[in-house]
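Here are a few exercises to help you find your way around a new structure. Have a look at it before you read the solutions.

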Amino acid sequence: MNSENLNTILAQYIHDFAEPSQPDGEGTLWQAVDMFGAEWDIEAVDFPAMFARAMQGAAAQLDTPAVQPVGGLKLLMMRDSEVELVRECFRWLYNDENDDLKKRCGRAEMFADQITGRFRRCFPRMNKYTMTPADAVYFLNLWMPEENFFYTPVEAKAWADFMEYPVDFGNGTSLNLTAYYAMCEELVTALEDYPDLIARHKERLRTNLGGINDQLHLLAYDIMHAAYQRGYYPKGFSRNATAKERAKAVKEKQTRAELCQQIAEKEQALQELQANPVQLPDLTGCRIVHKMFGAGTVLPGEGQFMVIDFNGTQKKFSYTASLSSGYLTTEDEAAMQRMRAYQTYGKTCDALQKELKTLKDELVKL
């Protein structure tokens with residue numbers, strides 16, 4: 001998980017932290033958990049009525065004009081012959097055997113298949129009431145939020161893309177619950193560095209849910225939900241982004257990450273070079289050959305200048321420029337090696353600085 005991106009999102013979330021009673025649509029998750037906890041009774045004599053009361057908040061979260069899993073269950077239980085089947089499906093879904101996530105995901109898939117299959121036999125033309133494993137996972141969360149994480153496919157994908165978590169969680173039979181929970185647990189671990197936010201979250205639970213110990217699972221989901229719904233992401237990751245914009249944003253983000261990595265590597269290489277510079281070689285007394293002026297002898301230098309005596313004619317040259325230019329050679333192999341080492345050092349530093357400038361210019365253009 002990209003820690004810099006996480007800090008960016010959390011800074012906005014903390015700034016906007018609001019009680020669930022705010023009238024902007026936030027907080028329905030808390031209401032769903034609260035209503036379920038207060039009303040759910042698997043042994044209720046009037047199971048359909050109990051279900052309707054317990055799922056008031058869940059319906060606000062799950063049901064849309066296009067898809068209505070809660071509405072579908074209500075409709076199915078209008079047939080007396082189906083009530084006990086639905087009850088047994090929930091009894092099986094909520095069978096807590098401390099099983100692993102793979103088994104839990106299997107139960108969610110089986111629950112969705114059983115309910116959908118039964119509904120299609122009773123109402124073959126009402127596809128909007130289809131149940132998915134993701135819906136079943138939602139019901140699992142209502143029952144035991146401290147062991148599960150709410151899952152909304154588009155919100156999970158946006159978070160994974162922005163946090164550079166390279167997993168497709170899928171939906172339906174392809175739902176990868178283990179990978180999604182692993183990402184959520186990573187977020188929960190990261191939240192340990194935000195004790196003030198945790199304290200505010202626990203106060204919200206105390207006020208709205210009787211102080212249940214959710215193990216920060218509800219907070220983790222609420223952060224992902226808020227990031228998507230409130231527009232904390234850049235344009236390409238926002239809820240209103242087109243598929244083309246999302247693909248472009250993901251590609252640009254990957255390119256930006258690669259550029260940042262290259263810049264970091266180049267800067268480290270340059271720092272290591274500059275920490276151990278190759279010193280200017282002292283060529284005093286050496287017989288050298290200048291490409292233009294021929295053979296000469298190096299006299300003691302004058303500050304930054306090299307003084308060379310060409311058969312009685314003395315000329316001054318910039319020490320660094322003369323050695324870097326390649327205009328000077330000598331038959332003294334030891335001196336020549338010192339000159340080559342200095343030239344190589346200078347060229348390497350110059351090349352790294354040019355590459356860094358190019359990379360940083362490309363990063364600015366993104």
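Each exercise below has a task and then a worked solution for this predicted model.

**Exercise 1.** Work out how spread out the protein is, starting from its helices and strands.

Solution. Start with the parts list: there are 15 helices and five strands. Next, take the radius of gyration, which is 34 Å, while the globule rule gives 21 Å for 366 residues. The value is well over the rule, so the protein is more spread out than a compact globule. Then check the spans of the C-alpha trace along the principal axes: about 120 × 45 × 35 Å.

**Exercise 2.** Which residues touch the most other members of the largest nonpolar core?

Solution. This core has 87 residues, and the ones to pick out are Trp40, Met55, Phe90, Phe139, Leu142, Trp159 and Tyr180. Now zoom in on Leu142: leaving aside residues up to four places away in sequence, Leu142 touches Ala32, Val33, Phe36, Met55, Ala58 and Phe150. Finally, look for another core, apart from the largest one; it has 15 residues, including Ile288, Tyr319, Leu323 and Met336.

**Exercise 3.** Follow helix H15 from its start and find which of its residues are buried.

Solution. H15 runs over residues 333–365, and its 33 residues reach 48 Å from first C-alpha to last, close to the 48 Å expected. At its start, a side-chain oxygen of Asp332 comes to within 3.1 Å of the backbone nitrogen of Ala334. Going along H15, you meet buried residues, among them Ala335, Met339, Tyr342, Cys349, Leu352 and Leu359. Met336 is buried too, and this residue also belongs to the core of 15 residues.

Technical notes: Residues are numbered from 1 along each chain as its sequence is written. This is a predicted model: local features need pLDDT of at least 70, side-chain atom pairs count only at pLDDT 80 or more; totals for chains, interfaces and linings use all residues. Side-chain values use heavy atoms; hydrogens and water are left out. Helices (H or I, at least four residues) and strands (E, at least two) are DSSP runs, numbered from the N terminus. The expected span of a helix is 1.5 Å times one less than its number of residues. Buried means under 20% relative accessible area, exposed over 50%, partly exposed in between (1.4 Å probe, protein chains only). A polar contact is a pair of N or O atoms within 3.5 Å; within protein, one must be able to donate a hydrogen and the other to accept it, and residues adjacent in sequence count only if both atoms are side-chain atoms. The radius of gyration is taken over C-alpha atoms; the globule rule is 2.2 Å times the number of residues to the power 0.38. A nonpolar core is a set of buried Ala, Val, Leu, Ile, Met, Phe, Trp, Tyr and Cys residues joined through side-chain atoms within 4.5 Å. Contact means heavy atoms within 4.5 Å.
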